[in-house]
Amino acid sequence: VTLPESFEGFQEATVNGLSELAITSITLPDKMTVINPGLLCGCQKLKEVKLPANLITIGESAFSGYISLESIVIPEKTEKIGPHAFSSCGLKEVTILSKFVRIDDAAFYSCDPSMVICGAKGSVAEEYAKKHKFKFKALVRGDADGNDVIDISDISILSLGLVGENELNFKQKNVLDVDGDHDVDIADLAKLRQYLSKKITKIGK
């Protein structure tokens with residue numbers, strides 16, 4: 001399911017807008033800044049969600065209720081993850097790109113204890129993972145394929161993304177912004193190539 005770009009969300013009074021529908025995948029439009037409480041609660045067959053690039057708030061119980069979602073990338077602009085937002089999900093990995101997002105203590109209540117939280121070193125995500133005894137994995141700047149190594153495959157992913165042959169996801173865009181200017185472009189590709197050719201010894205700020 002792909003919601004139209006004109007869709008900005010339901011009225012605040014609307015409860016559980018799309019809950020318990022038998023959908024397996026959904027793309028939320030980038031114009032959405034708030035995911036209302038209970039929006040996709042109880043959609044047990046839901047396996048894939050693409051969140052809006054401009055998302056600020058994930059409301060209470062937005063994705064709770066034993067849904068089949070195994071991984072999700074929470075955008076860099078997100079400021080708040082509400083209580084029970086992902087409670088009882090099948091999440092195995094959650095990537096939180098914002099360093100300073102507010103995460104309610106119960107946001108991932110009753111998720112699998114083996115779930116991995118990925119984020120920047122020194123971030124709120126890392127603090128949350130430690131507090132709630134989830135495994136934390138630090139994102140490696142330049143590592144687009146997630147193998148913890150910067151290599152030729154990362155250059156290939158970025159090159160194809162820049163020419164439009166494949167779409168970079170939020171996580172890839174975040175780690176491939178190696179010069180830290182909040183834009184993924186040819187300058188980042190050049191810096192990756194310099195790093196692999198050992199002309200520079202460090203990437204990122």
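Which residue forms a salt bridge with Glu126? The partner is Lys130, and the closest N and O atoms of the two residues are 3.4 Å apart. The model is predicted. Its features include an open sheet of four parallel strands, a helix, α1, that packs on this sheet, and six salt bridges found in a search of the whole structure.

**The sheet**

- The open sheet has the strand order β5-β7-β9-β10, and its pairing is parallel.
- Strands β5 (71-74) and β10 (135-138) are the edge strands, each pairing on one side only.
- On average, and with direction ignored, neighbouring strands of the sheet are turned by 20° against each other.
- Helix α1, made of residues 124-131, packs on the sheet and touches β7, β9 (116-119) and β10. The direction of α1 makes about 155° with that of β10.
- As general background, strands of a sheet pair through backbone hydrogen bonds, either parallel or antiparallel.

**Strand β5 and its partner β7**

- Strands β5 and β7 (residues 93-96) run parallel and are joined by four bridges.
- Ser71 has Glu93 in β7 as its bridge partner.
- Ile74 is likewise matched with a residue of β7, its bridge partner being Ile96.
- Side chains alternate along β5: Ile72 and Ile74 are buried and point to one face. Ser71 and Val73 point to the other face and are not buried.

**Salt bridge within helix α1**

- Glu126 and Lys130 both belong to helix α1 and are four residues apart, about one turn of the helix.
- Glu126 has a relative accessible area of 17% and is therefore buried, the cut-off being under 20%.
- Lys130 has a relative accessibility of 60%, so this residue counts as exposed. The pair thus joins a buried glutamate to an exposed lysine.

**Salt bridges between distant parts of the chain**

- Glu70 and Lys92 meet through their side chains in a salt bridge, with an N to O distance of 3.9 Å.
- This pair links distant parts of the chain: Glu70 lies in the loop between β4 (57-58) and β5, while Lys92 lies in the loop between β6 (80-81) and β7, 22 residues apart.
- Glu70 is partly exposed at a relative accessible area of 43%, and Lys92 counts as exposed at 53% relative accessibility.
- Another salt bridge is formed by the side chains of Asp148 and Lys137, at 3.7 Å from N to O.
- Here too distant parts of the chain are linked: Asp148 is in the loop between β10 and α2 (152-162), and Lys137 is in strand β10, 11 residues apart.
- Asp148 has a relative accessible area of 44% and is partly exposed. Lys137, at 27% relative accessibility, also counts as partly exposed.
- In general, side chains of opposite charge can pair when their charged atoms come close.

**A buried loop residue**

- Met32 sits in the loop between β1 (25-27) and β2 (34-35).
- Its relative accessibility is 0%, so Met32 counts as buried.
- The C-alpha atoms of Met32 and Leu55 are 6.1 Å apart in space, with the two positions 23 residues apart in sequence numbering.

**Nonpolar surface patch**

- Leu160, Leu162, Val163 and Ile186 make a nonpolar surface patch of about 360 Å².
- Among them, Ile186 lies in helix α4, which covers residues 186-196.
- Ile186 is exposed, because its relative accessible area is 60% and the cut-off for exposed is over 50%.

**Positive phi outside glycine**

- Ser61, although not a glycine, has a positive phi of about 55°. Ser61 is found in the loop between β4 and β5.
- Ser110 also has a positive phi without being a glycine, with a value near 65°.
- Ser110 belongs to the loop between β8 (102-103) and β9, and is partly exposed at a relative accessible area of 48%.

Notes
Residues numbered from 1 in each chain as written. Predicted model: local features only at pLDDT ≥ 70, side-chain atom pairs only at ≥ 80, totals over all residues. Heavy atoms only, no water. Patch = residues over 30% accessible without salt bridge, like charges linked within 9 Å, V, L, I, M, F, W, Y side chains within 5 Å. Areas by Shrake-Rupley, 256 points an atom, 1.4 Å probe, with all protein chains shown as cover. Salt bridge = Lys/Arg side-chain N within 4 Å of Asp/Glu carboxyl O. Helix = DSSP H or I, 4+ residues; strand = E, 2+ residues; numbered from the N terminus. Buried < 20%, exposed > 50% of the residue type's maximum accessible area, 1.4 Å probe, protein only. Pairing = 2+ DSSP bridges. Axes fitted to C-alpha atoms, helices over the stretch in contact; angles between N-to-C directions. Contact = heavy atoms within 4.5 Å.
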